[in-house]
Every structure is written in structure tokens, then in C-alpha cells.
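Student: I should like to work through this structure step by step. May we begin with a single residue and then turn to the sheet and the helices?

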Amino acid sequence: MTETARSHARPYDDVLETIGWTPLIRLHRVTAGLRTPVYAKAEFFNPGGSVKDRIGLAMIEAAERDGRLKPGGLIVEATSGNTGVGLALAAAVKGYRCVFTMPDKMSQEKSRLLRALGAEVIITPTAVPPDHPENYIMKGRAIAAAHTNAIFADQHYNAVNPDAHYKTTGPEIWEQTDGRVTHFVCSPGTGGTVTGAGRYLKEKNPDIRVIAGDPVGSIYTEYARTHCKAEGQPYKVEGIGGDKIPTALDFTVIDEWMFVTDRDAMLLARRLAREEGLLVGGSTGVNLAVALDVARRLDDPNALVVTILCDTGERYLSKVFSDEWMRENQMLETEPATAATIIGAKRSGAPELVTVAPTATARQALNLMSTYDVSQLPVVESGDCVGAVTESTLTAQALADPQVLEQTVRELMEAPLPVVDAALPLERLTTLLLRDRPAVVIRRDGRLAGIVTRYDVLHHVAGIR
Ligand SMILES: Cc1ncc(COP(=O)(O)O)c(C=O)c1O
């Protein structure tokens with residue numbers, strides 16, 4: 001640890017004092033080949049693991065100051081999770097009760113987390129229009145209205161949300177870059193972060209450009225262009241984009257919008273973990289996609305791009321970081337099939353490779369083929385393929401002359417089957433089988449590992465079981 005990284009030198013009075021002043025970290029490997037430096041503000045360093053800790057505390061303190069929230073009160077919020085964590089942390093320290101409404105597309109980790117922090121969570125359907133009573137915001141609002149000494153935190157329409165970022169996130173970025181930041185990349189959910197931090201930075205230097213990413217399916221980009229509310233489409237990235245226009249989002253702060261697909265976002269989030277050691281969620285993938293694009297276009301070592309690492313990837317272990325989930329959602333290519341894939345898929349119960357010695361008789365070879373229900377056998381001597389016998393040829397020869405059954409395989413065998421490596425791509429394997437022999441022998445790690453026939457490949461390609 002470097003001397004400058006020696007933070008937390010003194011004890012804090014409570015966990016809420018540790019919110020903010022998150023580190024700004026330079027990205028290296030994901031930016032390879034780019035001359036523009038890209039820095040990321042690691043909001044997962046907040047005690048609740050996301051950028052939302054900042055507004056959770058701020059919204060509660062504002063309600064206390066206004067007298068809307070008194071000791072023992074209830075805090076209600078419609079939250080995709082992170083704001084709930086921020087509110088629940090502060091509520092735990094301050095002794096308030098929390099109820100959160102959350103759309104059912106959100107990862108289970110998020111609702112479990114909120115319950116662990118003592119909150120009550122109500123899951124609502126994602127696939128309802130924004131004005132439906134079961135919509136998570138409508139529902140949250142109704143719960144708060146039905147209680148006394150209760151507030152609806154209302155992050156989408158609460159001016160305290162952008163204000164918290166104006167007072168903290170923006171000044172931190174300015175100070176951490178010594179005022180050298182030239183581009184701020186931040187994708188809005190409620191819009192609080194980009195509005196507050198972006199506004200502060202532009203007040204400090206009007207030349208700073210603010211660029212927003214938007215998940216494909218969100219209505220924000222279209223609204224920024226036309227001021228018409230289009231109909232949103234579902235998307236998988238959590239926490240950003242939207243199907244309604246929040247007042248916490250000031251469109252005038254944003255100079256440019258860029259759409260990012262779920263797939264690009266998720267794959268970039270995975271790369272950040274593997275290549276930079278930064279475990280983040282899909283919304284950060286959107287930020288990174290835009291930040292990299294901006295850096296590429298600028299191609300300027302004197303520019304300085306800052307983006308936000310919104311929350312910890314631990315919240316998405318069953319989604320972004322699950323290969324199964326990624327494949328189910330067509331966001332991860334299945335590995336290209338190879339010869340090894342084909343032998344792995346054979347589930348006949350027979351050994352992977354049945355061979356015969358050259359000293360065996362034709363009778364023994366035919367018996368082996370019958371026992372294991374195979375139609376050819378590689379002839380193996382000292383670990384090498386020296387020939388092959390096939391059921392059709394041996395049977396024809398034995399029918400013509402039964403003496404053949406007692407002859408050795410060495411006397412009767414044909415040329416050996418081609419031997420290929422287990423990593424041989426399926427396409428090349430197919431070409432070989434069509435052009436050459438009906439089967440090939442597979443070698444893996446220097447050992448003969450299996451046999452693949454035309455029939456096996458057809459099974460694989462046609463999905464026959
Ligand atoms: C994971 C995640 N990323 C980004 C954001 C966007 O931040 P903001 O609401 O300040 O625009 C949110 C907001 O909910 C979020 O949960």
C-alpha cells in the first residue's frame with residue numbers, strides 16, 4: 001500500500017461518516033492502445049457498495065431538517081436496490097423503519113441485502129406501465145401516503161438527490177483530478193449523479209463535456225432529442241435508463257447521449273473484473289463502453305475522461321457473472337465446438353476409445369465391435385495407430401472365406417484412420433470426415449482419447465440424442 005493511499009487514519013463515529021471520498025482509479029488494461037487517460041470513481045467503496053449511499057443519507061437528513069421525518073418514522077422508497085441499501089444503512093444507524101418496493105427483474109441478491117439490513121421488501125411486476133398501481137413507484141408512494149410520520153424518499157423526483165452529488169461527487173472529482181478533468185461520462189437512472197456532479201464540474205469549467213450512456217430500450221436518448229416520451233422496451237442492465245422522465249435528471253447538463261446494448265455492457269463489466277480487478281455491475285459496463293468510445297475519439301493524452309463505477313459486482317453474481325445466465329440471455333457466445341466437444345457429448349456407455357491389437361484375430365475384432373456396438377476399430381500398437389479394421393470389410397471377407405476369421409488383424413487391416421488433435425475445430429473435422437475416412441481418432445495431451453465418426457458429428461450438428 002502506498003503512503004498516499006493511507007486513508008481512514010482516524011476512527012469514525014459511525015459508518016455513515018465513511019460515505020463519499022471514494023477513490024479515483026486509472027484504468028490500464030481495458031484502455032490498452034488508447035492515448036486518452038480514463039479514470040473511474042470507485043463508488044463501490046461506499047459502505048453500502050454503491051453510489052447511492054450518498055443520496056440515501058442526504059434524503060433522510062433533508063427530511064429530518066424539514067420536520068417531515070421524526071424519531072421512529074418510516075422511510076419508503078421505490079428502488080432497484082442500491083438506494084434502498086443507502087437508505088437502510090442510514091435508517092439502521094438512526095433508528096428508522098424502511099419499506100422498499102422493487103421490480104421483479106432485479107437480482108435476488110439485492111432484495112436479500114435489503115432484508116439483511118432490516119428493511120421490508122415488496123417485489124412488484126416489471127412488465128406493467130409506469131402509471132399502473134402495481135408499478136413499483138406507484139406502489140411505494142401509496143404505502144407512504146397510508147402512514148403517518150412516513151416519507152416517500154422519491155429519488156426520481158427529489159431535488160436532494162442531484163444536490164447530494166453537486167455537493168460531494170462533483171467536488172471530489174474536481175479535486176482528485178486537480179481540475180484537469182475534460183470529459184465526464186455518467187449514465188443516468190434517476191439522473192441524480194450526472195445532473196449534480198455534471199453541473200458542478202461545468203460550473204468549475206464550462207468546457208467540460210458531459211456524456212451519458214443509455215441502455216438500448218430506455219427512452220432518455222430519444223427524449224433528449226425530441227422531448228417526446230416514447231415507449232420503452234425491456235433491457236437487462238439494472239439501475240440506469242428508464243421508461244419515464246425523472247425531474248432529478250436535468251437534460252441540459254448532458255452534451256451527448258450514446259446507446260449501449262446489454263451485451264456490450266455486461267461483457268465490459270466482466271472485463272473490468274478480470275483485467276482491472278474492479279468488480280462492478282452492468283450499469284458500470286454502460287459507463288465504460290461510453291468512456292472508451294470517448295477516449296478513442298479524442299485520442300488526446302492531455303484530455304482526461306472520468307467515469308463512475310456505480311456499484312459492486314457482488315450484487316450480480318447470479319447474472320452478469322454467471323455464464324449460464326449470460327448464455328440464456330444470448331450475451332455470451334457458446335465456445336466454438338471442437339473434436340473434444342463431440343467426444344464429450346457421446347454418452348453411449350462404451351469406453352471413449354475401443355481399439356484392437358494387430359495380433360488379435362478377425363473373430364476377436366468382430367466380437368469387440370459387436371460388444372461395443374461400433375463399426376470400426378483403430379489398430380493400436382505401442383500407443384500408435386498402425387491401421388484400422390471396419391465391420392463391413394471384415395464381414396464381407398469372412399463371408400467369402402470363413403478362414404479369414406482366424407487370420408490376424410495385422411494381415412487384414414487397412415490404412416490407419418487420421419489422427420487429429422482434440423482442439424481441432426468442428427468445421428475442419430467435418431471437412432476431413434467428408435473428404436477422407438468415415439471416422440477419425442482424437443489425440444488429447446499426447447494420448448489417443450476417442451474416435452469420432454460421421455454419425456457422431458451429425459448427431460451433434462442436428463441435435464439428435
Ligand atoms: C447500479 C446503478 N447504477 C447507476 C445508477 C444511476 O445513478 P443515478 O440514479 O444517480 O442516475 C443507479 C441508480 O439507481 C444504479 O442503481
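Tutor: Let us begin with a loop of this predicted model. Asp178 is placed in the loop between helix H6 (169-176) and strand E7 (183-185).

Student: Is Asp178 buried or exposed?

Tutor: A residue counts as exposed if 12 or fewer other C-beta atoms lie within 10 Å of its own. Asp178 has 8 C-beta neighbours inside 10 Å, so its class is exposed.

Student: Which value is phi of Asp445 near?

Tutor: Asp445 belongs to the loop between strand E14 (439-444) and strand E15 (447-453). Most residues other than glycine have a negative phi. Asp445 is a residue other than glycine with a positive phi, and the value is near 50°.

Student: Which strands stand at the edges of the open sheet that has the order E5-E4-E3-E6?

Tutor: Four strands form this open sheet, and their pairing is parallel. An edge strand here has a single partner strand, so one of its sides is left without a neighbour in the sheet. The strands at the edges are E5 (120-124) and E6 (150-152).

Student: Which residue in E6 stands opposite Val76?

Tutor: Strand E3 (residues 74-78) pairs with E6 in the parallel sense, over three bridges. Opposite Val76, the residue in E6 is Phe152.

Student: Which strands of the sheet does H2 touch?

Tutor: H2 packs on the sheet, and its direction makes about 170° with that of E3. The strands touched are E3 and E4 (97-103).

Student: At what angle does helix H3 run to E5?

Tutor: Helix H3 comprises residues 108-116 and lies across E4 and E5. Its angle to E5 is about 155°.

Student: Are H1 and H2 parallel, perpendicular or oblique to each other?

Tutor: Helix H1 (residues 53-66) and helix H2 (residues 82-94) pack with their axes 7 Å apart, at an angle of about 50°. Angles under 35 degrees count as roughly parallel, and those from 65 to 115 as roughly perpendicular. H1 and H2 are therefore oblique.

Student: How many nonpolar residues are in the contact of H1 with H2?

Tutor: From H1, the contact takes in Asp53, Ile55, Gly56, Leu57 and Ile60. From H2, the residues include Thr83, Leu87, Leu89 and Lys94. By class, three residues of the contact are polar and two are charged, while the number of nonpolar residues is seven.

Conventions:
Residues are numbered from 1 along each chain as its sequence is written. This is a predicted model: local features need pLDDT of at least 70, side-chain atom pairs count only at pLDDT 80 or more; totals for chains, interfaces and linings use all residues. Axes are lines fitted to C-alpha atoms, for helices over the stretch in contact, and angles run from 0 to 180 degrees between N-to-C directions. Helices (H or I, at least four residues) and strands (E, at least two) are DSSP runs, numbered from the N terminus. Angles under 35 degrees count as roughly parallel, over 145 as roughly antiparallel, 65 to 115 as roughly perpendicular and the rest as oblique. Two residues are in contact if their C-beta atoms, placed from the backbone, lie within 7 Å. Ala, Val, Leu, Ile, Met, Phe, Trp, Tyr, Cys and Pro count as nonpolar, Asp, Glu, Lys and Arg as charged, and the others, Gly among them, as polar. A residue is buried if 20 or more other C-beta atoms lie within 10 Å of its own, exposed if 12 or fewer, and partly exposed in between; C-beta atoms are placed from the backbone. Two strands pair if DSSP finds at least two bridges between them.
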